[in-house]
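Let's take a walk through this structure together. Have the model open and turn it as you read.

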Amino acid sequence: MNFINDLNHEQLTAVTTDKKYVSVIAGAGSGKTRVLTYRISFLLSENIALPSQILGITFTNKAAKEIKERVLKLIPGAERMTLSTIHSFCARFLRIYIDALDIYQKNFTIIDEEDQKTIMKNLFVSKGLTKTDERIKEAMNFISSKKGEGLEYQDIADKVYPNHELNFYKECFADYDAYLKKTNSLDFDDLILLTIKILEDDVNGIRKEVTKKYHHILVDEFQDIDDVQFHLITLLMNQETSLYVVGDPDQTIYTWRGANNKILLDLEKNLSYQFRNVTLETIVLKNNYRSTKNILDASNALISHNKNRIKKDLVAVNGEGDNITVYNAYDGEEESSYVASMIDELVRKGEEYKNIAVLYRSNYLSRELESQLNLMRIPYQIFGGIRFFARKEIKDLLAYFNLFINPSSDISFDRIINVPKRNIGPTSLDKIKMGANSASQPIYYFLKENLSNLELPKSKLAELEKMINIIDATSEKLKVASPLDFGDVIKKFIDDIHFYDSFSKEDDKDERIDNVKELIGNIKLFFNNNQTSPFADFVENASLQASGEEINDGNYVSLMTVHSAKGLEFNEVFIFGFNDGVFPSARSVSENAEAMEEERRLAYVAFTRAKKHLYVSFNNGFSYVQGRTLVPSPFLKEAGLKVKEKIVKTPYNGKNIYKNESYSSYGNKAASKVNINKPIIIPQGSNNVKSWNVGDLLKHADYGVGKVIEVVSDKIIKVKFENKAFGEKTLLSTHIKISKLES
């Protein structure tokens, strides 16, 4: 192996160091996986350690597999080394040592989150409660939070809480704990906690045995470790164990689920609590092999505003590259159109869809973008979330909308009967369905006609009557209201049925509320553009998008939250919705400096996903989520990015046509104009022109005379208009508003 030729100076230092405690601060794109791979290979090739003496901890199975495969290519025969996630390691450990606790057997079952929920529902039923009790989620959260603090049930068994609900949740914890022991089952938290317990108790000298086995422990993504996991790692060490950690405090973006970047920042002090003579060697990898200098300059400028970090500036190996493009859109629709148009242009110039990603702070932002991508036939896949119209709260409302239009829809009724909660249990619902079946009627119609005759408790009958009255009243309003008022009608309906109560106890309630507000805004936008359409048109459009086919061939644009993009890279990256209150989030702005630092780290991660080009866009439209006109993110200024905006409103044929000129710039470089070809989508009609050629003259009913400058396909043409206010447009070739002129 030629370490000198394969590694740069900092990487070589990190790989060949002889220090016992080493912290490698690996900036984005600096080759941390390469360093880990070569470090293990170095230990083996130099006979510093045997494969069985090496324990590598990663945070994904994919990372563990990748590192192991790379090491085996360099050092064949090193299969006995241990490379795994922390949960996988604990599971294997417990298969060997769990009987030391005299509680569980080695053939224990590992249960997932869905199993936990089912167990808790059944436990509630055994208490005489229901499976739909709102406290089930809170009980599960209570148990998870206690285990996240490193506590088992017996650690709080004697504790008396001042709050009745907390004592009830503690009782649920007791029942849950007893059930797991009875069925010989462990959840994911138990895997770590029981491993810690065995090592702490050191029954039969187990800890001594394990710490003698592993001479070198290496940990990847160390910035994302939590306190309990760090405690476990130190229990696997003795005074002779070498610890080698790789991470980047600037990429700590999971503090909301327990990650503590202070463990890495203060590692020498944290290790000194348990081990003697700790001297930590810190090696910083600054050379970035992923992004261009312009991208890194902006990233470095942004993250430099954080105080709690290890100072470093990434240095680009790949050269200066293109300027970062900053686009200021008039509203969300134009921003979405811009991104879709730029993607279309990139692909026509030779880029592949799979090398393009659009990143955003929250999933609700994808709705308008999805519509534009669908219209332009751009294949995409959503990661870290599902399609906007397929999200539960949106599908629940669409079920109501279907009932407005078609009360015979039994499947829609079945979905919404207990959304929000109306205490209509399986027994009551079965009575209603049996009655409807006997009468050969749709459920909703049967319920309306026979409500007073049903043998149900008065409270349930009252809930059903209230639901029917609101649905009927809203349906009638939608028949007589102006389409421009449909959004307000729906907003009132949502308030009248107390829809937000259906997820008020959920951890993601804020995001769900944002999704509902986005839906209301989408309804208003739809009917602003389709002022003669019935409400059914919107429902049909939404239903088609909800059931759209997924792209499976692998060549698609990736849409994802920044959290989901961690560890990934793309040639072309669009950061979408870069507005204050969105990125950074409104909650972080209102909380504290630490929350803002996490948001800044999240933006830093987003920036450094880009290899060749970075596009940052925001808009000045009205946000129904925030209830105000949007302004750009303060992170733009912190990153040294400037946007020169000029919006001209030109009355034309009684309409306001907006021309938006945006510029990209970084530092002191001269701004370069970005030309945007916003697609014009025509719903119906044809101009009867059979074919177009470059050079053909045409007349547009709104834009005037133009010349065809490119025939993209038999359905799409690009036109340059004489009126400079409109510039170049991408149009449907059959557009009803265009006609061919004689030369």
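Which residues line the largest cavity? Before going there, keep in mind that this is a predicted model. The lining consists of I103, Y104, K147, E152, Y153, Q154, F173, D177, K181, D190 and L194. Two or more of those residues come from each of helix 8 (153-156), helix 9 (164-182) and helix 10 (188-201). Helix 9 has the largest share, at 3 residues. As for the chemistry of the walls, you'll find 5 nonpolar residues, 5 charged ones and 1 polar one. The space inside comes to about 70 Å³.

That isn't the end of the hollow spots, since the count is 2 cavities of 30 Å³ or more. The second largest has a volume of about 40 Å³. Look for it among L36, I40, G56, I57, T58, I67, L83, L218, V219 and D220, which make up its lining. Helix 3 (32-45), strand 2 (54-58) and strand 6 (216-219) each put at least two residues into that lining, and strand 2 gives the most, with 3. Here the split is 7 nonpolar, 2 polar and 1 charged.

While you're at helix 3, find T33, which sits in that helix. Which residues does T33 touch, leaving aside those up to four places away in sequence? The list is E66, I67 and R70. I67 is also in the lining of the second largest cavity. Along the sequence, T33 and R70 are 37 residues apart, yet in space their C-alpha atoms are 9.5 Å from each other.

Now zoom out to the whole chain. It holds 29 helices and 26 strands. Its radius of gyration is 30 Å, close to the 27 Å that the globule rule gives for 743 residues, so the chain is as compact as a globular protein of that length. Along the principal axes, the C-alpha trace spans about 90 × 75 × 45 Å. How much of the chain counts as buried? The share is 51% of the 743 residues. Contacts between distant parts of the sequence show up too: among contacts with a separation of 6 or more, 72% join residues 24 or more positions apart.

Next, a couple of helices worth viewing end-on. A bit of background helps: an α-helix has 3.6 residues a turn, so residues three or four places apart point the same way. Start with helix 11 (residues 206-213), where the buried residues are I206, V210 and T211. They cover an arc of only 120 degrees around the axis, which puts them on the same side of helix 11. Turn to the face pointing away from that buried side and you'll meet the exposed residues K208 and K212. The buried residues of helix 11 pack against helix 5 (86-97), helix 10 and helix 12 (227-235). Helix 10 should ring a bell, as one of the helices giving two or more residues to the lining of the largest cavity.

Helix 21 (residues 443-450) is the other one, with I443, Y444, F446 and L447 as its buried residues. Seen down the axis of helix 21, these fall within an arc of 165 degrees, so they line one face of the helix. What do they pack against? Their partners are helix 19 (410-416), helix 20 (426-438) and helix 22 (458-480).

Last, some backbone oddities. Most residues other than glycine have a negative phi, and most peptide bonds are trans. The loop between helix 19 and helix 20 contains P420, and the peptide bond from V419 to P420 is cis, with omega near 0 degrees. N423 is in the loop between helix 19 and helix 20 as well. Its phi is near 60 degrees, a positive value in a residue other than glycine. Is N423 buried, partly exposed or exposed? At 45% relative accessibility, N423 counts as partly exposed.

Another cis bond runs from F583 to P584, with omega near 10 degrees. P584 lies in the loop between strand 15 (570-575) and helix 27 (586-591). To finish, go back to the loop between helix 3 and strand 2, where you'll find N47. N47 has a positive phi of about 60 degrees, although it is not a glycine. With a relative accessible area of 70%, N47 is exposed.

Technical notes
Residues are numbered from 1 along each chain as its sequence is written. This is a predicted model: local features need pLDDT of at least 70, side-chain atom pairs count only at pLDDT 80 or more; totals for chains, interfaces and linings use all residues. Side-chain values use heavy atoms; hydrogens and water are left out. On a 1 Å grid over the protein atoms alone, a cavity is a set of points where a 1.4 Å probe fits but cannot get out, and a pocket is an open set with protein on both sides within 12 Å along at least five of seven lines; lining residues have an atom within 4 Å of a point. Grid points are joined across faces, edges and corners, and a volume is the space filled by probe spheres set on the points. Helices (H or I, at least four residues) and strands (E, at least two) are DSSP runs, numbered from the N terminus. Ala, Val, Leu, Ile, Met, Phe, Trp, Tyr, Cys and Pro count as nonpolar, Asp, Glu, Lys and Arg as charged, and the others, Gly among them, as polar. Contact means heavy atoms within 4.5 Å. Buried means under 20% relative accessible area, exposed over 50%, partly exposed in between (1.4 Å probe, protein chains only). The arc is that of the directions from the helix axis to the C-beta atoms. The radius of gyration is taken over C-alpha atoms; the globule rule is 2.2 Å times the number of residues to the power 0.38.
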